[in-house]
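Colleague: I should like to learn how to read the overall features of a model. Where should one begin?

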Amino acid sequence: MQDQGDPGEVDLQPWGKSRGLGEGNFYPLVCHLLDAGAAARRLWDTYVPAGVKALIADGFGVTVERAGALVALWAALHDIGKLIPEFQAVDRTADLSAYPPSRGHRIEHEQASQDWLQWALPRCGYELDADDRETPGFLIPQLLGGHHGIFRRGAAVRGPITLASRGFRDDAWEQQRKATLAMVQRILDAPEPPPRATVPAAALACAIIVLADWLVSQETHLVPRLDDLPASGTETELRQHFRKSLRISDTLIENAGLIQQRLKPGSFAESFPHINPNGLQQSLADRLPGLAHGPGLLLVTAPPGLGKTETGLYAAKVMGEATGHPGVYTALPTTATADQIYKRIYDYLDGQAEVASSLMLLHGMAWLNPKYWPETEPAQVLTGDGHQGDPFAAADWLLGRWRGMCGSWAVGTIDQALMAVLKSRYNALRLFGLAGKTVIIDEVHACDPYMQGLLLRLLRWLGTFGTPVVLLSATLTGRAAGKLVSAYLEGAHSPPRKNDSAERIVASLYPGWLYADAGTGEITTAAVTLPPTPNLRISVREISAVTAPNGGTPAADRGPALRAELAPLAESGGCALVICTTVTEAQDTFCQLREWFTELAASGGTPPDLELLHARFPAWQREQISNRVMTRYGKNEDRERPRAAVLVATSIVEQSLDLDFDLIISDLAPIALLLQRAGRCWRHERLRKITRPPWSAEPRLTVLVPPGGPKSPQLFGSWKAIYDASLLANTYQLLTDRSVIRIPGEVQQLIDDVYDDALFTDGDLSQAALERIGEEIALTQLSGNIAIPAPADTDDLALLTDLVVPDPEMLATRFDADSVRALPVFVGPDGEECLDRECEIPLPGMQGTPDLTVCRKIIQHTVPVRGGLWLNKKEARAALPRPWQRNVHLRDLVLLRQHSDANGSFAPAVIEDREFYLDEILGLRTSRIR
């Protein structure tokens, strides 16, 4: 070992990496640090978006070039805390004889990095202020201590900082830490310390360092370099190693898919040559390029079917080019909508990408898509080029945990974006991934008060980052729109100018758009005139209540009303959509209509086709039904619509399917959802030639309402369990005596009026309205409790990951949305368990470790089921086949074992007080045992 007093040479004996390198092989710590510094430097030069570079540079008060050099230097110090006996002793084959042994106390190396650098960096000129945590001497050690995803509270800085106060001794380890710091500073030509530091800039810098560390920690990087390590720890040898690391880093970055997608320049018409721009699209194409000179938020409000997706993509292109944010994240409300938009954006990039890169699909079930996710397990594959020959395939490396948002372009659920503001591990990486993109949030009206609270927090952070945002909605209230716009501008430190009320403005521009400039706070609006649209003919039809046969609460009897409404269709043809509130009600309604249509056939008539679509079908069956429905009722000019057909469905058709019907019949729902559903009526009138039946002279919506009248409706319990009772009652009153809704003229007013409880009472607010207001307040407060603070309230990185919530499962992006995947299993007479009722497909993956193909096969037979007290997750896991219990994709499944009886039928599965039965046609039936 070298003389510890010689700062010109570093000991290569202390190791930085050993796992997976073979017995007795070590990768020297100083080499790993230099590798990380090189990777961070090249990430800055080739991958980090210009807008993010500018933000980080501004946060530290330096130039962009100096900021890149600082980030590289800090990356080369992230693991200096491994120079402690406690860490080095982890590998017992390491020779530590020249160093003092451990004192017996345990300390994580990242904590040691933070503690030691809080002592060392101020001696290198980094300011440390006892009264201000947002100083370089505090935040830089803290961000480096957070490179494993959790930021730690910094030690108190009052009083003199000494080695002893940080838990270190002036011994051989200390001499090595000093020598390593000095060597890294010389080789990386350490720039002057930054004059200031901010939490947003520090969080983003940490994310870059995490990526650099991950890239150079891959075995595929380390093993080949074992044969080319420095002969000694001299500056000459280590400089040569660093230069090699810079060259190698370019390959690591490229193979990891960390490449920014670049689009061809061009107008809206050039971006979408197959589209003749409508008034909304043309208005934005004409004006947005002149407004977007820096960060801003665009809100687009328009009825369904007006190409808001393409409008959002064009806006993202304009706003991203103006701000140096080449990436895009498109957030959707459900996995189904995300899957659909993924295909559309893939096709868009295929024609518009000048530089291609990975297109990520981000939601919990994305791994089921073989086109997106390769057969190899990403946890095992740390580098690679994705699917060969597909320029937009996700690089294998990006498929690893926490990395997906770092892909240049991504499509996913809004949950993936909201997770960035939960107090959770590696949220800085999610924030970084979003910060470098334009964030498009589609169907933003789908957010409930809890999700909206998280979204408001996210918009404040995106405003602070200078991240362009596009919000798309068909039915957003003016009040909600005003909060969203204001939150973004507050984050950007540019509150709306005086007298500019976003809520007031939105109410007057439907359909149209609003652009809020983050730099000035100025709001520009444009109301758009659309071609004449047929008015929506609307009617209400009261249905009766029937007592459930098992003595349960009264249920809705839709049978007589549906027979009356669908009689013209049964006689002369046409296509109708019937939307029920719950899956059980949709199944029962399907059975009622099937009975009627059977009667029609028995009397010599030709009954309409009848189909059922809801979420509780096995995944393979739901996909088949969805594809068939899209073929029959979608924008498919090559296929004729059925002569007469009825689709019974739940609310999943509101957002996930682009369909056209002659008539919509819906249970009572809040007015915004009814308008969404009505958007499926005559939706493709301008896109394709459709022959309507004689009875369908205009778009028509029939709303099924409960008995009791609009003043005191006797709302069904199942409806109140899904929707707020006051909104249902207010909607009923709004529809009373109204036969026509002018589209789009009256849409915004109706959406806003339903929340104005004073319109529906002569005095005090109803109990239902008070309960709704109280619940909204409670949900907003709950979301605030689990979210990270707003940027203006954050002076300590530890506030981003402090897990103040005692139950980690409470860290959720949706409130009361506990859902599990259930697997119906058919148990034959011989006890064999199978996936099918014919007992021809035995349960796979019973031996060894189930591979991805087997997992996909199993999941394709699962059904989503709402969780609850009936489910004991520990018992459910114990009931799984043992190989499944250890598989990340299968270990949370709930088996529903249906045993065959003497007649060859299958009895329902029973768990606690619930029965589950998979019907071939109806899907999974559930009921409570009374």
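Modeller: One begins with helices and strands, which are DSSP runs: at least four residues for a helix (H or I) and at least two for a strand (E). In this predicted model, the protein chain contains 30 helices and 28 strands.

Colleague: How does the radius of gyration of the protein chain relate to the globule rule?

Modeller: The globule rule multiplies 2.2 Å by the number of residues to the power 0.38. For 930 residues the rule gives 30 Å, and the protein chain has a radius of gyration of 31 Å, so it is as compact as a globular protein of that length. Along the principal axes, its C-alpha atoms fill a box of roughly 100 × 75 × 55 Å.

Colleague: What percentage of the residues in the protein chain is buried?

Modeller: A residue is called buried under 20% relative accessible area. Here 58% of the 930 residues are buried. The accessible surface of the protein chain is about 37,000 Å², and carbon and sulfur atoms contribute 49% of that surface.

Colleague: How many disulfides does the structure hold?

Modeller: A disulfide requires two cysteine sulfur atoms within 2.5 Å. The structure holds zero. Cysteine 855, for instance, is in no disulfide, as the nearest cysteine sulfur, in cysteine 834, lies 18 Å away. Cysteine 855 is also buried, at 0% relative accessibility.

Colleague: Why does cysteine 206 form no bond with cysteine 406?

Modeller: The sulfur of cysteine 406 is the closest cysteine sulfur to that of cysteine 206, but at 12 Å it is too far for a bond. Cysteine 206 counts as buried because its relative accessibility is 2%.

Technical notes: Residues numbered from 1 in each chain as written. Predicted model: local features only at pLDDT ≥ 70, side-chain atom pairs only at ≥ 80, totals over all residues. Heavy atoms only, no water. Buried < 20%, exposed > 50% of the residue type's maximum accessible area, 1.4 Å probe, protein only. Areas by Shrake-Rupley, 256 points an atom, 1.4 Å probe, with all protein chains shown as cover.
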